[in-house]
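Colleague: I should like to learn how to read a structure that is new to me. May we go through it feature by feature?

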Amino acid sequence: MKGATLRVLNEIRRKREGVIHATWLDNGESWLIGRDDAPDAALARDIRQAFRLDQSRTLEVKGRPLFLHVFNPPVRLVIVGAVHVAQSLAVLARTTGIDPVIVDPRRAWADARRFPDVRMIEAWPDDALAQLKPDHRTAVAALTHDPRIDDPALIAALRSPAFYVGALGSRRSHARRLERLADEGLDGLAMARIHGPVGLDIGARSAEEIALSIMAEVVAARNGKVQ
């Protein structure tokens, strides 16, 4: 990879934008392809699939071998609330190759000793998410049960391309949450994106089991198995 191409690639990755480095294997000619920059309609489907599956591959294009090397930004899980469930969830996220980020404005909870080697943002969620800029490679899980913290996080997440938005709470509390979000101007289509109660139904009871159910749902959403 040439130096100029590498510099451009690093800048694109710094901005958390996906890119593919395409190379003709018969002559070594290469170029960068953005998510919406397929050179022709015949390649557009393969480009989209490579980005979606996060999978590099070799194609045959008009009898020539073309290698697509995918450089997607890391998948992130923004965990709103440094609660007990968040401790296990951050560990599980790392185990599955997802970068956890803890957001909590409460200093007593946002203690780095409880979350070793995990990025923490001690700020109100609307400010934190404005900084993080959730994208199509970002999941958001609100876990505090406190509307002052969870609701702004959900509003920001639902107004972003985040691929997953979940919120902890019972069905009754979720119904009340939807009423509050409607009062904030969110429509039914946006609110339908919320996974609430959060997590796959595995009969989870402990904090660790709840974290497992959330992580399973995030992975399923990333892999296109749940909407």
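Modeller: The dialogue below goes from the overall build to pockets and then to single residues. Please keep in mind that this is a predicted model.

Colleague: How many helices and strands does the protein have?

Modeller: One begins with the secondary structure. The protein has eight helices and ten strands. Its C-alpha trace spans about 60 × 40 × 35 Å along the principal axes.

Colleague: Into which domains is the protein divided?

Modeller: Domain bounds come from an automatic or database assignment. Here, domain 1 covers residues 3-71 and domain 2 covers residues 76-222. Their C-alpha centres lie 32 Å apart.

Colleague: What share of the residues is buried, and how much area does the protein expose?

Modeller: A residue counts as buried when its relative accessible area is under 20%. Of the 227 residues in the protein, 45% are buried. The exposed area is about 12,200 Å², and carbon and sulfur atoms supply 50% of it.

Colleague: What share of the contacts joins residues 24 or more positions apart?

Modeller: Here one counts contacts with a separation of 6 or more along the chain. In this protein, residues 24 or more positions apart account for 58% of them.

Colleague: What is the volume of the largest pocket, and which residues are the closest to its centre?

Modeller: One may describe a pocket by its volume and then by its lining. The largest pocket has a volume of about 500 Å³. Its lining has 18 residues, and those closest to the centre are R52, A221, R222, N223 and G224. By character, the lining divides into six nonpolar, seven polar and five charged residues.

Colleague: Which helix supplies the largest share of that lining, and where does the pocket lie with respect to the domains?

Modeller: Helix α2 provides the largest share, three residues. Both α2 (41-53) and α8 (207-222) supply at least two residues each. The pocket lies between domain 1 and domain 2, because both domains give residues to its lining.

Colleague: What can be said of the second largest pocket?

Modeller: The second largest pocket holds about 320 Å³ of space. Among its 17 lining residues, P197, V198, G199, L200 and D201 are the closest to the centre. Seven lining residues are nonpolar, seven polar and three charged. Helix α8 gives the most to this lining, with three residues.

Colleague: P197 is named there; what kind of peptide bond joins G196 and P197?

Modeller: The angle to read is omega. The bond between G196 and P197 is cis, with omega at about -5°. P197 itself lies in the loop between β10 (194-195) and α8.

Colleague: Which values of phi do D54 and H145 have?

Modeller: For both residues, the sign of the angle is the point to read. Phi of D54 is near 60°, a positive value in a residue other than glycine. H145, likewise not a glycine, has a positive phi of about 70°.

Colleague: Where are these residues found along the chain, and are they buried or exposed?

Modeller: D54 is in the loop between α2 and β3 (57-61). Its relative accessible area is 39%, so D54 is partly exposed. H145 is in the loop between β8 (138-142) and α5 (147-158). With a relative accessible area of 52%, H145 is exposed.

Colleague: Is L9 buried or exposed?

Modeller: L9 has 3% relative accessibility and therefore counts as buried. Its place is in helix α1, residues 3-14. The C-alpha atoms of L9 and G185 are separated by 39 Å, and the two residues are 176 apart along the chain.

Methods: Residues numbered from 1 in each chain as written. Predicted model: local features only at pLDDT ≥ 70, side-chain atom pairs only at ≥ 80, totals over all residues. Heavy atoms only, no water. 1 Å grid on protein atoms, 1.4 Å probe; cavity = no way out; pocket = protein on both sides within 12 Å on 5 of 7 lines; lining within 4 Å. Points joined across faces, edges and corners; volume = space filled by probe spheres on them. Helix = DSSP H or I, 4+ residues; strand = E, 2+ residues; numbered from the N terminus. Nonpolar A, V, L, I, M, F, W, Y, C, P; charged D, E, K, R; others polar. Buried < 20%, exposed > 50% of the residue type's maximum accessible area, 1.4 Å probe, protein only. Contact = heavy atoms within 4.5 Å. Areas by Shrake-Rupley, 256 points an atom, 1.4 Å probe, with all protein chains shown as cover.
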